[in-house]
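Good morning, and thank you for coming. Today I shall present one protein chain, and I ask you to keep its structure in view while I speak.

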Amino acid sequence: MKRWSIIFAVVFVLSGVVWAADKTFQEIDKNKDGKLSMEEFDREALRVFNEHDKNHDGALDQSEFSQIKGANSKFEDLDTNKDGKVDMKELQDAAIKKFNQLDQNRNNYLTDDDLKCSPRYKPEASPLYDIYF
Ligand SMILES: [Ca+2]
Ligand SMILES: [Ca+2]
Ligand SMILES: [Ca+2]
């Protein structure tokens, strides 16, 4: 009885990990063509941005930014005009640079293989954080 519940728990955890990674790619890939466009990243980024902009001032301050789980970037690096906040424009400028670096064949899409070339790539994390945040 006990052994079965351990096996069940292990299978459950493993399938959860695989499922979570798949889900994040597919969540961003709204048109389900297996490739991520900058527009798809923008849309997902805006959703995360609005969710964390608790005081609705159109920017993330340091404490709001620190609540983004999985964020890869330093707040100071994203805040290019040094006003103590990161707005969508600053995020987008940085994101476009990272997107273009990873888009090796310049077709304006990122595939799973492109993303794996990112120095920021983490298999368990959403591809959103390879580009944004
Ligand atoms: Ca797509
Ligand atoms: Ca805010
Ligand atoms: Ca700023």
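Let me begin with a definition: two residues are in contact if their C-beta atoms, placed from the backbone, lie within 7 Å. Please also bear in mind that this is a predicted model.

With that definition, we may consider tyrosine 132, which is found in the segment after helix H7. Leaving aside residues up to four places away in sequence, tyrosine 132 touches Phe41, Ala45, Leu91 and Ala95. Is tyrosine 132 buried or exposed? It counts as buried, because tyrosine 132 has 26 C-beta neighbours inside 10 Å, and the threshold for a buried residue is 20 or more. Tyrosine 132 and phenylalanine 99 are 33 residues apart along the chain, and their C-alpha atoms are separated by 9.1 Å.

Let us now step back to the whole chain. Its secondary structure comes to seven helices and four strands. Read along the sequence, these elements follow the pattern α-β-α-β-α-α-β-α-β-α-α. The chain has 133 residues, of which 21% count as buried. Consider next the contacts between residues at least 6 apart in sequence: 55% of these join residues at least 24 apart.

I turn to two helices, beginning with H2, which runs over residues 38–52. H2 has 15 residues and reaches 21 Å from its first C-alpha to its last, close to the 21 Å expected at 1.5 Å a residue. Which residues of H2 are buried? They are Glu40, Phe41, Glu44, Ala45, Val48 and Phe49. These residues are on the same side of H2, because they cover an arc of only 165° around the axis. On the other side of H2, Glu39, Arg43 and Asn50 are exposed. A general point helps here: an α-helix has 3.6 residues a turn, so residues three or four places apart point the same way.

One residue of H2 merits a closer look, namely phenylalanine 49. Phenylalanine 49 counts as buried because it has 22 C-beta neighbours inside 10 Å. Residues up to four places away in sequence aside, phenylalanine 49 touches Leu60 and Met88. Phenylalanine 49 and valine 86 are 37 residues apart in sequence, while their C-alpha atoms are 9.9 Å apart in space.

The second helix is H5, residues 88–102. In H5, the buried residues are Leu91, Ala95, Phe99 and Leu102. Seen down the axis of H5, these fall within an arc of 65°, so they line one face of the helix. On the other side of H5, Lys89, Asp93, Lys97 and Asn100 are exposed. What covers the buried residues of H5? The cover includes H2, helix H4 (75–78), strand E3 (85–87), strand E4 (109–110), helix H6 (112–116) and helix H7 (128–131).

How do these two helices meet? The axes of H2 and H5 come within 11 Å and cross at roughly 145°, and the crossing is right-handed. From H2, the residues in contact are Met38, Phe41, Asp42, Ala45, Leu46 and Phe49, and from H5 they are Met88, Leu91, Gln92, Ala95, Ile96 and Phe99. The residues of this contact divide into ten nonpolar, one polar and one charged.

Finally, I should like to point out three residues elsewhere in the chain. Glycine 70 is found in the loop between helix H3 (62–65) and H4. Glycine 70 counts as partly exposed because it has 13 C-beta neighbours inside 10 Å. Apart from residues up to four places away in sequence, glycine 70 touches Ala125, Ser126 and Tyr129. The C-alpha atoms of glycine 70 and alanine 125 are separated by 6.9 Å, although the two residues are 55 apart along the chain.

The other two residues concern the backbone angle phi. Most residues other than glycine have a negative phi. Histidine 56, however, has a positive phi of about 50°. Histidine 56 lies in the loop between H2 and strand E2 (59–61), and it is exposed, with 7 other C-beta atoms within 10 Å. Phenylalanine 133 also has a positive phi, near 65°. Phenylalanine 133 lies in the segment after H7, and it counts as buried, with 24 C-beta neighbours inside 10 Å.

Thank you for your attention.

Notes
Residues are numbered from 1 along each chain as its sequence is written. Chains are lettered from A and ligands numbered from 1 in the order in which they are written. This is a predicted model: local features need pLDDT of at least 70, side-chain atom pairs count only at pLDDT 80 or more; totals for chains, interfaces and linings use all residues. Axes are lines fitted to C-alpha atoms, for helices over the stretch in contact, and angles run from 0 to 180 degrees between N-to-C directions. A crossing is left-handed if the near helix is turned anticlockwise from the far one by less than a right angle, and right-handed if clockwise. Ala, Val, Leu, Ile, Met, Phe, Trp, Tyr, Cys and Pro count as nonpolar, Asp, Glu, Lys and Arg as charged, and the others, Gly among them, as polar. The expected span of a helix is 1.5 Å times one less than its number of residues. A residue is buried if 20 or more other C-beta atoms lie within 10 Å of its own, exposed if 12 or fewer, and partly exposed in between; C-beta atoms are placed from the backbone. The arc is that of the directions from the helix axis to the C-beta atoms.
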